[in-house]
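Biologist: I am new to this structure and would like to go through it slowly, one question at a time. Could you show it to me before we begin?

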Amino acid sequence: MKDYPIDGVLDLHVFDPSDVGDLVPEYLRACHKKDITRVRIIHGKGTGTLRRHVRSILSEHPLVRDYEKATDESGWGATIAHLHPTAPSDES
């Protein structure tokens with residue numbers, strides 16, 4: 001991901017909607033690699049089309065354990081994805 005911070009918050013307002021299909025999975029993989037297991041995806045409220053697209057991606061992505069509507073002030077303008085934790089390299 002070029003020059004975008006991998007900090008667990010992805011604001012889709014700064015991207016072209018046509019990039020979301022590749023962008024969201026790439027961001028999830030980058031977060032998982034950094035052991036970030038809670039990812040906030042800001043899609044906005046609008047018509048709900050982008051929200052539905054994001055949730056469709058999340059529902060099929062193997063790294064996503066589950067997801068939910070953000071419960072803070074953004075309400076249904078953001079979705080929280082919970083990723084599976086990375087597997088420990090050695091369980092002794």
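Biologist: How many bridges join S3 to S4, and which residue in S4 is the bridge partner of Tyr-67?

Modeller: This is a predicted model, in which local features need pLDDT of at least 70 and side-chain atom pairs count only at pLDDT 80 or more, while totals for chains, interfaces and linings use all residues. Residues are numbered from 1 along each chain as its sequence is written, and side-chain values use heavy atoms, with hydrogens and water left out. Strands (E, at least two residues) and helices (H or I, at least four) are DSSP runs numbered from the N terminus, and two strands pair if DSSP finds at least two bridges between them. S3 and S4 run antiparallel and are joined by five bridges, and the partner of Tyr-67 in S4 is Ala-81.

Biologist: Which residue stands opposite Ile-80 in S4?

Modeller: S4 also runs antiparallel to S2, with five bridges joining the two. The residue that stands opposite Ile-80 is Arg-40.

Biologist: How many of the residues of S4 are buried?

Modeller: Buried means under 20% relative accessible area, exposed means over 50%, and partly exposed lies in between, with a 1.4 Å probe and protein chains only. In a regular strand the side chains alternate between the two faces of the sheet. Here Ala-78, Ile-80 and His-82 point one way from S4, whereas Thr-79, Ala-81 and Leu-83 point the other way, and all are buried. The strand is therefore mostly covered, and the number of its residues that are buried is six of six.

Biologist: Which element gives the largest share of the largest nonpolar core?

Modeller: A nonpolar core is a set of buried Ala, Val, Leu, Ile, Met, Phe, Trp, Tyr and Cys residues joined through side-chain atoms within 4.5 Å. The largest one has 19 residues, and those with the most contacts inside it are Leu-12, Val-24, Val-39 and Leu-58. Two or more residues each come from helix H1 (20–33), strand S2 (38–42), helix H2 (49–60) and strand S4 (78–83). The largest share, six residues, comes from H1.

Biologist: Why do the buried residues of H2 line one face of the helix, and what is the arc?

Modeller: The buried residues of H2 are Val-54, Arg-55, Ile-57 and Leu-58. The arc is taken from the directions that run from the helix axis to the C-beta atoms. Seen down the axis of H2, these buried residues line one face because they fall within an arc of 155 degrees.

Biologist: Is the pair of Tyr-4 and Tyr-27 stacked or edge-to-face?

Modeller: Rings of Phe, Tyr and Trp (its six-membered ring) pair if their centres lie within 6.5 Å, and planes under 30 degrees apart count as stacked, over 60 as edge-to-face and the rest as tilted. The structure holds two aromatic pairs. In the pair of Tyr-4 and Tyr-27, the ring centres are 6.0 Å apart and the planes stand at 75 degrees, so the pair is edge-to-face.

Biologist: How many residues apart in sequence are the parts that this pair ties together?

Modeller: Both Tyr-4 and Tyr-27 are buried, and together with Phe-15 they form one aromatic cluster. Tyr-4 lies in the segment before strand S1 (9–11) and Tyr-27 lies in helix H1, so the pair ties together parts whose separation in sequence is 23 residues.

Biologist: What is the relative accessible area of Ala-70?

Modeller: Ala-70 has its place in the loop between S3 and S4. Its C-alpha atom is separated by 9.3 Å from that of Ala-81, 11 residues apart along the chain. Ala-70 is buried, with a relative accessible area of 1%.
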